[in-house]
Every structure is written in C-alpha cells, then in structure tokens.
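Morning, everyone. I have one structure to go through today, and I will keep to what can be read from the coordinates. Please have a look at it first.

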Amino acid sequence: MSVIGLILAFLAVIVGAVLKGAGIHALLSAAAFMIVVVGTIAAICVQTPLGVMKHALAILPWVMNPPRLEPENQIRKMVEWSQIARKQGLLGLEPILNTEKDDFIRKALQLVVDGSEPDSIRNVMEVELNTREHADNLGAKVFEGMGIYSPTLGIIGAVLGLMAVMQNLADPSKLGHGIAAAFTATVYGIGLANLFFLPMASKLKVAIQAQTQVREMIIEGMISIAQGENPRSIEAKLQGYLH
C-alpha cells in the first residue's frame with residue numbers, strides 16, 4: 001500500500017501540474033528545495049536529540065516493510081511451551097531460550113524459567129513494553145514534526161520569492177515567472193507534508209501499535225504459562241487478541 005501511495009502521490013502532482021498547464025519544469029526549483037527540504041531537515045535536527053534521530057532512521061523502513069508480527073505463530077509457540085511446562089516443569093523451557101530470536105520474548109521466557117511471580121513478570125515486561133513503545137513513538141514524531149515544519153518553510157520560500165519579484169516591478173516581463181517561482185516553495189512544503197511526512201508518521205504509528213498489541217499478548221501468554229493454566233485455556237484467551 002505504501003508503494004502504491006507513493007506512486008500515486010508522484011503522479012498526482014506531476015500529472016496535475018501538466019493538466020493545469022504549469023508543466024513539470026515549474027516544479028523544479030533549486031531555491032525552493034534549499035528553503036523547504038534543507039530547512040525542514042535543519043529544523044528537525046534542532047528539535048531532535050541524536051539518539052532519537054538515529055532510532056527514527058532505524059524504523060523508517062517500517063513504512064515500506066512493517067515488522068512481521070505473526071501473532072498466530074506466537075500463540076502456537078506459547079501453547080506448545082505451556083504443554084512442555086505442564087509435563088516437565090518450568091525448567092523444561094530453558095533449552096528454548098537459546099533458540100528464541102526475539103529478545104522481548106526471550107526476556108519474558110527467562111523470567112518464567114526463573115520462577116518469577118506472575119505479578120513480577122507483568123511489572124517487568126510492562127516496563128519493557130512501555131519503554132520500547134515510547135522510543136518508537138518518539139521516532140515516528142520526528143517525521144510528524146517534519147510534516148509540521150515543511151508547510152511553514154514553504155510559506156517562507158513564497159515570501160522570499162515575492163520579495164524578489166517586488167524588486168523587479170520595473171520589468172513586467174519578469175513578474176509572471178517570478179510569482180510562479182515564488183509559489184513553487186509552497187507546493188514543496190505542503191506537498192511534502194501531506195503526501196509524505198505526515199502519512200509516513202501515521203504509518204509508523206500503526207506499525208508501533210500493532211507491535212505493542214502483539215507484545216501485550218505475549219506478556220499475557222507468559223503469565224498464563226507461569227500460572228500453569230491449561231494450554232487450551234491459554235489458546236482461547238490469546239485468540240482474542242487476533243480480533
């Protein structure tokens with residue numbers, strides 16, 4: 001969907017410019033690029049700490065390729081683990097720690113194997129969950145901030161362009177071209193915000209929320225295993241997260 005959206009965004013602007021008679025060349029402006037794009041990057045660099053910026057760039061690929069959560073597979077694994085725990089005890093799950101790749105699941109499983117109380121498991125894992133969700137949301141807000149700054153910088157570019165036009169009022173032949181160039185910055189600012197930055201931020205937030213929901217399911221499943229619940233009851237409980 002993101003690929004389709006990006007293609008349609010480019011087509012909407014380029015074909016729209018041609019149909020309106022402005023032409024593709026009207027969208028090309030080095031000055032507008034410097035003011036809007038470089039200015040937006042500068043503004044977000046001032047706003048964002050280095051660690052948050054690095055994390056934002058790390059999760060940016062989620063726009064095109066969100067994390068594969070596979071909640072059905074996670075439920076199946078936890079049901080199997082609950083069966084092992086009922087037959088062999090919680091220590092029977094210890095070999096699984098070396099094969100589990102997800103560090104969130106591995107941490108929860110370690111708490112279960114260590115015999116931690118269910119309330120303790122919930123408290124520890126909810127802190128982990130909230131910390132990760134907060135960090136991911138800060139990364140998404142970087143692109144949201146870019147979507148807020150770019151239209152304003154587009155207006156600044158338009159004003160600067162009109163200032164240049166006002167200096168050439170004595171030459172009417174330059175007025176039309178100068179005014180058109182002035183508004184190119186506005187197109188850059190509003191277009192980038194509404195076709196790229198804000199949708200990207202929203203897409204990331206959706207991915208973060210989906211990941212959080214699966215992790216909540218994992219916490220619930222691990223606590224159920226620690227409490228020795230029936231595997232069928234665990235499966236029925238966790239299936240509710242799929243809806």
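I will start at one residue and work outwards. V214 touches L69 and P71, leaving out residues up to four places away in sequence. V214 itself sits in helix α7, which covers residues 175–226. Its relative accessible area is 12%, so V214 is buried. There is also a pairing on the other side of V214 in sequence: Y241 is 27 residues away along the chain, and the two C-alpha atoms are 7.6 Å apart. Keep in mind throughout that this is a predicted model.

Now the overall picture. What secondary structure does the protein have? It comes to 8 helices and 0 strands. Along the sequence the pattern reads α-α-α-α-α-α-α-α. The radius of gyration is 26 Å, whereas the globule rule gives 18 Å for 243 residues, so the protein is more spread out than a compact globule. Taken along the principal axes, the C-alpha atoms fill a box of roughly 90 × 35 × 25 Å.

On burial, 37% of the 243 residues are buried. The exposed area of the protein is about 13,800 Å², and carbon and sulfur atoms supply 64% of that. For contacts between residues at least 6 apart in sequence, 76% join residues at least 24 apart.

Two of the helices give examples at the level of single residues. Helix α1 runs over residues 2–19, and S2 is found in it. Is S2 buried or exposed? With a relative accessible area of 13%, S2 is buried. Setting aside neighbours within four places in sequence, S2 is in contact with V63, M64 and K203.

The other example is I41, in helix α2, residues 30–47. I41 has a relative accessibility of 41% and therefore counts as partly exposed. The C-alpha atoms of I41 and G145 are separated by 10.0 Å, and these two residues are 104 apart along the chain.

Next, the charges. The protein carries 19 positive and 20 negative side chains, and the centres of the two sets lie 6 Å apart. Side chains of opposite charge can pair when their charged atoms come close. How many salt bridges does the structure hold? There are 11 salt bridges. I will take three pairs and then a network.

The first pair on my list is R76 with E80, where the closest N and O atoms are 3.0 Å apart. Both belong to helix α4, residues 71–88, and because they are 4 residues apart there, about one helical turn separates them. E80 has a relative accessibility of 37%, so it counts as partly exposed. R76 is partly exposed too, with a relative accessible area of 43%.

The next pair is K77 with E100, with the closest N and O atoms 3.1 Å apart. K77 lies in helix α4 and E100 in the loop between α4 and α5 (103–113), so this pair ties together parts that are 23 residues apart in sequence. Both E100 and K77 are buried.

Then there is R68 with E70, where the closest N and O atoms are 3.2 Å apart. R68 counts as exposed, because its relative accessibility is 71% and the cut-off for exposed is over 50%. E70 has a relative accessible area of 36% and is therefore partly exposed.

The network has five members. R122, E126, E220, E229 and K237 are linked in it by salt bridges.

Let me go back to E70, for its backbone. E70 is found in the loop between α3 (50–59) and α4. What is the phi of E70? Phi is near 50 degrees, a positive value in a residue other than glycine. Most residues other than glycine have a negative phi. If you want one residue to find on screen, E70 has that positive phi as well as the salt bridge with R68.

To recap: an all-helix list, with 8 helices and 0 strands, in a protein more spread out than a compact globule. It has 11 salt bridges, including the buried pair of E100 and K77. That is all I have.

Definitions and conventions. Residues numbered from 1 in each chain as written. Predicted model: local features only at pLDDT ≥ 70, side-chain atom pairs only at ≥ 80, totals over all residues. Heavy atoms only, no water. Helix = DSSP H or I, 4+ residues; strand = E, 2+ residues; numbered from the N terminus. Rg over C-alpha atoms; globule rule 2.2 N^0.38 Å. Buried < 20%, exposed > 50% of the residue type's maximum accessible area, 1.4 Å probe, protein only. Contact = heavy atoms within 4.5 Å. Areas by Shrake-Rupley, 256 points an atom, 1.4 Å probe, with all protein chains shown as cover. Lys, Arg positive; Asp, Glu negative; His and termini not counted. Charge placed at Lys NZ, Arg CZ, Asp CG, Glu CD. Salt bridge = Lys/Arg side-chain N within 4 Å of Asp/Glu carboxyl O.
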